[in-house]
Amino acid sequence: MLKILLSRVREYWKYAAITPLFMVGEVAMEVLIPTLMAYVVDAGISNTDMDVVRRVSIMLVAAAMLSLSFGMLGAWSASKASSGFAKNIRHDEYAKVMSFSFADIDRFSTPSLITRMTTDVQNVQMSFQMMIRICVRAPIMFIFAMIMVWHNGGALSLVFAVAIPVLACGIYLIFSRTHTYFTKAFKGYDVFNRVVQENLGGIRTVKAYVREDQQQAIFNDSAAVIRDNFKKGQRIMAFTSPIMMSVTFACIIALSYLGARYINIGQLQTGELLSIYTYTFQILSSLLMVGMVIVMMSISWASMQRIAEVLSSEPSMDPNPEGEKEVADGSIEFDHVSFGYGRDSVVLDDISLRIESGQMIGILGPTGSGKTTLISLIARLYDAKSGTVKVGGRDVRSYSLKALRDNVSVVLQKNTLFTGTVAENLRWGNPDASDEAIRKASDIASVTPFISSMKDGFDSHVDQGGTNFSGGQRQRLCIARALLKDPRILILDDSTSAVDTATDAQIRRALREDVQHLTKIIISQRLSSIMDADQIFMMSGGRIVDRGTHAELMERNAEYRQLYEMQEGGRKNA
Ligand code: ADP
């Protein structure tokens with residue numbers, strides 16, 4: 001896992017490598033300063049030698065400046081390395097998610113992928129920054145300061161044989177408890193992000209159902225989990241400083257007591273004792289810093305694992321770039337095809353069918369009967385579990401995924417428009433589409449009537465998600481966009497549900513007359529939308545239970561007849 005992540009440091013390795021060097025410089029100066037101060041006291045002030053005081057003071061200022069400069073450079077290079085590292089992780093994660101199949105996205109879930117690209121990356125960035133700064137700084141400071149104490153105070157350093165284990169125990173007790181709370185708080189972000197995404201994405205539904213209060217309560221609960229765990233963690237963390245200070249002062253008292261005796265017998269000078277006080281602080285605080293890094297690392301461990309999981313997972317669908325590029329015609333064949341989303345689920349059960357190129361097909365069936373799933377297999381949004389799906393006489397898996405999807409244009413139920421102009425949105429289908437092609441596709445999809453009434457026409461602005469267009473207008477724009485791909489097969493999955501019946505009929509007429517070569521598959525709950533199809537498949541429970549023309553089904557299928565009478569009766573009475 002660490003290898004997968006650390007390889008993302010890439011071009012920022014120089015900054016990551018130079019940071020510890022700056023830290024070494026900073027520590028060296030910090031450790032030198034107390035010794036210089038001891039010298040200025042013992043050799044300068046005690047002997048009233050102003051020359052020594054002057055010279056050492058200049059050295060002290062220089063050491064302080066250098067320490068400051070190294071510290072600043074270290075902070076700069078560490079932030080450069082860690083922010084670059086985070087950028088690379090986000091970039092690679094995004095690229096990986098883009099290569100995912102629908103099944104992979106289902107497996108991770110969209111909110112979880114968002115957390116993995118935001119909060120998790122932030123955690124990793126923070127712990128990486130701490131690691132390259134403190135992991136080097138703290139141990140070096142600890143060792144240098146211990147050496148200096150030994151050098152200046154000799155046996156006095158034995159005080160630390162007691163102080164260090166005591167502080168280490170205190171840190172362990174505090175951090176082991178805070179770790180539990182912080183881990184829970186960061187896990188809470190997963191739920192929090194899901195709630196925010198769901199509610200903001202569906203804000204119109206929330207408002208339409210006047211669910212603001214309930215959704216606010218759900219939001220508050222998810223935010224409370226984060227707040228409570230941080231609060232509990234920080235309450236325990238608050239003991240860090242008193243414990244640290246208690247141990248430091250206990251050391252200073254012990255050192256003063258023992259140091260005074262050493263001074264009396266002439267084995268230690270006053271300045272040296274003063275320097276040991278500063279080293280005491282350096283030794284104990286470096287211990288504390290190591291503790292903090294360990295906590296941060298353990299908190300972000302889960303984040304690292306979650307990111308590595310995305311980066312190391314291979315897309316479950318091979319895009320087959322070397323595959324067949326030409327789709328001979330728009331014929332479709334299902335040969336004993338079965339499919340399920342989970343391992344044991346059966347959503348399509350042994351489906352066999354044949355659609356000739358250029359036919360218009362209707363698919364009818366109750367919600368959940370597998371209609372969307374069936375058409376998803378044609379464009380290889382999912383792969384069949386068993387059996388073969390063929391397009392243009394070839395197994396769909398033998399085509400390059402791009403070529404297949406360029407030729408099988410699907411207007412999904414939840415199709416989205418993107419921020420930009422109408423023309424830009426339509427050109428998603430074909431970036432090189434001429435104005436003439438745009439006009440033709442717009443005529444077929446009945447986009448032209450409402451676009452021509454808009455002041456800016458095809459340059460009209462589309463808000464995020466196309467919210468400044470009505471549901472029916474959005475559907476028509478999505479059909480035009482799909483047509484611009486100039487595919488061999490066009491699949492409309494309930495894509496005219498929000499379009500009035502007259503416009504719906506007009507679109508079907510245009511599809512039949514203007515793009516005769518296209519194979520058209522229309523899923524609809526509205527019988528009038530599929531009545532004139534060459535074949536109608538009736539689905540139920542993942543199987544095709546009947547098939548035929550409208551006339552054939554009217555004659556032999558009671559359920560179809562009943563549906564027709566219900567819908568036609570309703571229409572006539574309306
Ligand atoms: P229809 O289009 O006829 O309404 P679908 O093909 O959308 O039916 O769904 C068929 C079944 O598959 C339903 O039980 C649905 O819950 C399930 N299903 C659809 N999409 C998914 C998915 N992405 N993950 C898991 N189950 C799904």
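What follows is a chat between a colleague and a modeller about a predicted model.

Colleague: Let's start at the ligand. Which helix gives the most to the shell around it?

Modeller: The shell takes in D106, Y341, V347, P366, T367, G368, S369, G370, K371, T372, T373 and Y382. Three of its residues come from one helix, and no other element gives more. That helix spans residues 371-378, and its name is α12.

Colleague: And how many of the shell residues are nonpolar, polar and charged?

Modeller: The shell includes D106 and K371, along with residues such as V347 and S369. Tyr and Pro go with the nonpolar group, while Gly goes with the polar one. Sorted that way, the split is four nonpolar, six polar and two charged.

Colleague: What is the distance from the polar side-chain atom of T373 to an oxygen atom of the ligand?

Modeller: Let me set it beside two other contacts. A backbone N or O atom of G370 sits 3.0 Å from a ligand oxygen, and a side-chain N or O atom of K371 has a ligand oxygen at 2.9 Å. A polar contact needs N or O atoms within 3.5 Å. For the T373 side chain, the distance to a ligand oxygen is 2.4 Å.

Colleague: What share of the ligand's exposed area does the protein bury?

Modeller: Take the ligand by itself and it exposes 560 Å². Put the protein back and part of that area gets covered; the share buried is 60%.

Colleague: On to the rings. Is the pair of Y15 and W76 stacked or edge-to-face?

Modeller: The whole structure holds 13 aromatic pairs, going by the search. In this one the ring centres are 5.6 Å apart and the planes make an angle of 85 degrees. Planes over 60 degrees apart get the second label, so the pair counts as edge-to-face.

Colleague: Where in the chain do those two residues sit, and how many residues apart are they?

Modeller: Y15 belongs to helix α2 (residues 13-45) and W76 to helix α3 (residues 50-99). The pair therefore links distant parts of the chain, with Y15 partly exposed at 26% and W76 partly exposed at 45%. Along the sequence, the separation is 61 residues.

Colleague: Which residues form one aromatic cluster?

Modeller: Two of the members, F339 and Y341, make an edge-to-face pair, 5.0 Å centre to centre with 85 degrees between the planes. F339 is buried at 5% relative accessible area, whereas Y341 is partly exposed at 43%. Y341 also appears in the ligand shell, and so does Y382. The cluster's members are F102, F339, Y341 and Y382.

Colleague: Now the overall layout. How far apart do the C-alpha centres of domain 1 and domain 2 lie?

Modeller: The domain assignment puts domain 1 at 78-312. Domain 2 comes in two segments, 332-414 and 488-573. Their C-alpha centres are separated by 55 Å.

Colleague: Is S446 buried or exposed?

Modeller: S446 sits in the loop between α15 (435-444) and α16 (448-452). From A260 it is 186 residues away in sequence and 96 Å away in space, C-alpha to C-alpha. Its relative accessibility is 3%, and the cut-off is 20%, so S446 counts as buried.

Colleague: Last one: what distance separates the C-alpha atoms of W150 and I276?

Modeller: W150 is part of helix α6 (residues 119-153), and at 56% relative accessibility it counts as exposed. I276 is 126 residues from W150 along the chain. In space, their C-alpha atoms are separated by 9.3 Å.

Key. Residues numbered from 1 in each chain as written. Predicted model: local features only at pLDDT ≥ 70, side-chain atom pairs only at ≥ 80, totals over all residues. Heavy atoms only, no water. Near = heavy atom within 4 Å. Polar contact = N/O pair within 3.5 Å; in protein donor to acceptor, adjacent residues only side chain to side chain. Areas by Shrake-Rupley, 256 points an atom, 1.4 Å probe, with all protein chains shown as cover. Helix = DSSP H or I, 4+ residues; strand = E, 2+ residues; numbered from the N terminus. Phe/Tyr/Trp six-rings, centres within 6.5 Å; stacked < 30°, edge-to-face > 60°. Buried < 20%, exposed > 50% of the residue type's maximum accessible area, 1.4 Å probe, protein only. Domains from an automatic or database assignment.
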